[in-house]
Amino acid sequence: MDVQVHKQTLLSRRASLVGDLSDIEQALDAPMPQDWEDRATERQGDEVLEAMGQVEMAELRRIDAALSRIDDGTYGTCLSCGDQISDARLMAVPDAALCRNCAK
């Protein structure tokens, strides 16, 4: 397992998420339209953006936890059973904290 490859993947995804979250925040901070119908439509859009932001924040937390595991040398070790997480799983899910068996 090449930890540096996984680290670069995680850092790249993290940068993308931070940019997306910034865009979402700016969109949510935009002034509401004066028209009631437009305001209702805008509110629905805001709810979608808020949900997307929550999903992206959760992923950001998982990435930060994975980066922390890289720093302390425990990356690739299942937090539940202590077995090694397969490289194939880490390639598919670089922020995986659990092996395939424990993730079920």
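## Exercises on a predicted helical model

Glu 50 has a relative accessibility of 33% and therefore counts as partly exposed. The model is a predicted one, and the exercises below begin with this residue.

**Exercise 1.** Find the partner with which Glu 50 forms a salt bridge, and state how accessible that partner is.

*Solution.* Begin with the pairing itself: Glu 50 forms a salt bridge with Arg 43, and the closest N and O atoms are 3.5 Å apart. This separation meets the criterion, since a salt bridge requires a side-chain nitrogen of Lys or Arg within 4 Å of a carboxyl oxygen of Asp or Glu. Next, take the accessibility of the partner: Arg 43 stands at 35% relative accessibility and is classed as partly exposed. By this rule, the count of salt bridges comes to five.

**Exercise 2.** Describe how helix H1 and helix H2 are arranged, and work out whether they count as roughly parallel or roughly antiparallel.

*Solution.* First locate the two elements: helix H1 spans residues 3-29 and helix H2 spans residues 36-72. Then take the geometry, in which the two helices pack at an angle of about 155° with their axes 9 Å apart. Because angles over 145 degrees count as roughly antiparallel, H1 is roughly antiparallel to H2. The crossing of H1 past H2 is left-handed. Finally, sort the residues of the contact by class, which gives 17 nonpolar, one polar and ten charged residues.

**Exercise 3.** Examine the salt bridges of Arg 13 and Arg 14, and say which parts of the chain each one joins.

*Solution.* Take Arg 13 to start with: the side chain of this residue meets that of Glu 59 in a salt bridge, at 2.8 Å from N to O. Arg 13 belongs to helix H1 and Glu 59 to helix H2, so that the pair links distant parts of the chain, 46 residues apart. As for accessibility, Arg 13 is partly exposed at a relative accessible area of 32%, whereas Glu 59 is buried at 17%, the limit for buried being under 20%.

Now turn to Arg 14, whose side chain meets that of Asp 64 in a salt bridge with an N to O distance of 2.6 Å. Since Arg 14 lies in helix H1 and Asp 64 in helix H2, this pair ties together parts that are 50 residues apart in sequence. Arg 14 counts as partly exposed at 29% relative accessibility, and Asp 64 counts as partly exposed at 31%.

**Exercise 4.** Classify Leu 21 and Ile 70 as buried or exposed, and give a C-alpha separation for each.

*Solution.* Leu 21 has its place in helix H1 and, at 15% relative accessibility, counts as buried. The C-alpha atoms of Leu 21 and Val 55 are separated by 10 Å, although these residues are 34 residues apart along the chain. Ile 70, found in helix H2, is buried with a relative accessible area of 12%. Between Ile 70 and Leu 17 there are 19 Å from C-alpha to C-alpha, and the two are 53 residues apart in sequence.

**Exercise 5.** Set out the helix content and the end-to-end distance of each of the two annotated spans.

*Solution.* An unreviewed UniProt entry places "domain: DnaK suppressor protein-like N-terminal" at residues 7-70. Over that span the chain is 91% helix and 0% strand, with the end C-alpha atoms 7 Å apart. The UniProt annotation "domain: Zinc finger DksA/TraR C4-type", likewise from an unreviewed entry, covers residues 73-103. There the span is 32% helix and 0% strand, and the end C-alpha atoms lie 21 Å apart.

Definitions and conventions:
Residues are numbered from 1 along each chain as its sequence is written. This is a predicted model: local features need pLDDT of at least 70, side-chain atom pairs count only at pLDDT 80 or more; totals for chains, interfaces and linings use all residues. Side-chain values use heavy atoms; hydrogens and water are left out. Axes are lines fitted to C-alpha atoms, for helices over the stretch in contact, and angles run from 0 to 180 degrees between N-to-C directions. Helices (H or I, at least four residues) and strands (E, at least two) are DSSP runs, numbered from the N terminus. Angles under 35 degrees count as roughly parallel, over 145 as roughly antiparallel, 65 to 115 as roughly perpendicular and the rest as oblique. A crossing is left-handed if the near helix is turned anticlockwise from the far one by less than a right angle, and right-handed if clockwise. Ala, Val, Leu, Ile, Met, Phe, Trp, Tyr, Cys and Pro count as nonpolar, Asp, Glu, Lys and Arg as charged, and the others, Gly among them, as polar. UniProt positions are given in the numbering used here, feature names are shortened, and annotations may be inferred rather than shown by experiment. Buried means under 20% relative accessible area, exposed over 50%, partly exposed in between (1.4 Å probe, protein chains only).
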